[in-house]
Amino acid sequence: MLLSMKYVALPNEVQQKLPFYLAMEEYVARHLAADDYFFMWQVEPTVIFGRNQLIDTEVDVEYCRANSIAMYRRKSGGGCVYADRDNLMLSYITATNNVNLTFNRYMLMVEHLLRKLGVDAKTSGRNDILVDGKKISGNAFYHLPGRSIVHGTMLYDTNLEKMARSTTPSDAKLKSKGVESVRQHVTTLNRYLNITIDEFKNFVRTNMCDGEILLDEQAVEAIKEIEKNYLTDEFIYGNNPAYTTVVRKRIEGVGEFEARMELRDGIIKKINLAGDFFLVGDLDGSLLAPLKGVRFEPHKVVEKLTDVKLENIILNLSKQQFINLLFG
């Protein structure tokens, strides 16, 4: 058990939409005293995609609409996931600016928790927890000033058919993991445990936390105000204007990238990065904005980024890898 971790509980059992719980993470990070906090949640069928992903390339929008599967964007990086009532979402909030260290700590914490139940779980790659070589949990993180937020899935008895049909990961991503389909890559925890999902939730809570923080109705209203930001079409669908140049590349250990640029007379007028990479810094202000107006030549871009540490903006990304992405 991780001492001093408090479970954050709501005053009622009213079922909320997925963005409510993302807003709840923000509320806890912004308004509760510096400490470690944890809570679990479940939602009706929903697809949630990463902060820098493009919905049209990650989600089968038509299938989701036809099958009443909600679609939302989160503020953390990483890939697109599917959740339903038979999947658990786990949220961890802690007082630190070191998101990388926090993320690794959380992953090992969940791995240890599953091992206590006799499940041979192993962390793998950037953000997955595997059992028998198959994904059982995917995780992502982001940070606010002085706080880090980690959240992830726990595939307990998730509908893998809907997961496979609602999400549309690229062939490159599937190939990199050595599988031919989503369903070949994932498994569910109930195949390894003889307990119900509620019994599993109780075990997690008992072993992760040593106390409880009960939010009041005033806090719930404040969370709903934060939630409004997640519900706008602008945030969900984003603004993706046409670009003259689009390059795509998967960088092992970093993620998938799609760089979109508007070039005029060899000058970068606009540039945008999409993908399932993990942000640890200011993408727009520290990386993309300085490149606007720069001649699209490798040495000019390198010169502009002389004092920029890319690994402090995108997890594990080197300057040479970024140049290779843009120029091939």
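**Notes on the sheets and helix packing**

1. Asp36, Phe38 and Met40 point one way from S2, Tyr37, Phe39 and Trp41 point the other way, and all are buried. Buried here means under 20% relative accessible area, with exposed over 50% and partly exposed in between (1.4 Å probe, protein chains only). Because 6 of the 6 residues of strand S2 (residues 36-41) are buried, S2 is largely enclosed by the rest of the structure. On labels: helices (H or I, at least four residues) and strands (E, at least two) are DSSP runs, numbered from the N terminus.

2. A quick word on provenance. This is a predicted model, where local features need pLDDT of at least 70 and side-chain atom pairs count only at pLDDT 80 or more, while totals for chains, interfaces and linings use all residues. Residues are numbered from 1 along each chain as its sequence is written, and side-chain values use heavy atoms, with hydrogens and water left out.

3. What does S2 pair with? Strand S1 (residues 5-9) runs parallel to S2, with 3 bridges between them; pairing requires that DSSP finds at least two bridges between two strands. If you want to check the register, methionine 5 sits opposite aspartate 36 in S2, and lysine 6 sits opposite tyrosine 37 in S2.

4. Zooming out, S2 belongs to an open sheet of 8 strands with mixed pairing, in the order S7-S8-S9-S10-S6-S2-S1-S11. Its edges are strand S7 (121-124) and strand S11 (211-214), each pairing on one side only. On average, neighbouring strands of this sheet are turned by 25 degrees against each other, direction ignored.

5. Which helices lie across S2? Helix H1 (residues 18-31) is one of them: H1 lies across S1, S2, strand S6 (87-94), strand S9 (134-144) and strand S10 (147-155), and runs at about 170 degrees to S2. H8 lies across S1, S2, S6, S10 and S11, at about 180 degrees to S2. For these angles, axes are lines fitted to C-alpha atoms (for helices, over the stretch in contact), and values run from 0 to 180 degrees between N-to-C directions.

6. H1 also packs on helix H9 (residues 217-227), at an angle of about 110 degrees and with the axes 8 Å apart. That makes H1 roughly perpendicular to H9; the bins are under 35 degrees for roughly parallel, over 145 for roughly antiparallel, 65 to 115 for roughly perpendicular, and oblique for the rest. In the contact (heavy atoms within 4.5 Å), Pro19, Phe20, Ala23, Met24, Glu26 and Tyr27 of H1 meet Ala219, Val220, Ala222, Ile223, Lys224, Ile226 and Glu227 of H9.

7. Then there's the other helix pair. The axes of helix H4 (residues 99-116) and helix H8 (residues 197-208) come within 11 Å and cross at roughly 120 degrees, so H4 and H8 are oblique to each other. H4 contributes Met109, Leu113, Leu114 and Lys116 to the contact, and H8 contributes Phe200, Phe203, Val204, Asn207 and Met208.

8. Last, the smaller assembly of strands is worth a look: 3 strands form an open sheet in the order S4-S3-S5, again with mixed pairing. Strand S4 (70-73) and strand S5 (81-83) are the edge strands, each pairing on one side only. Strand S3 (residues 46-49) and S4 run parallel, joined by 4 bridges, and threonine 46 stands opposite alanine 70 in S4.
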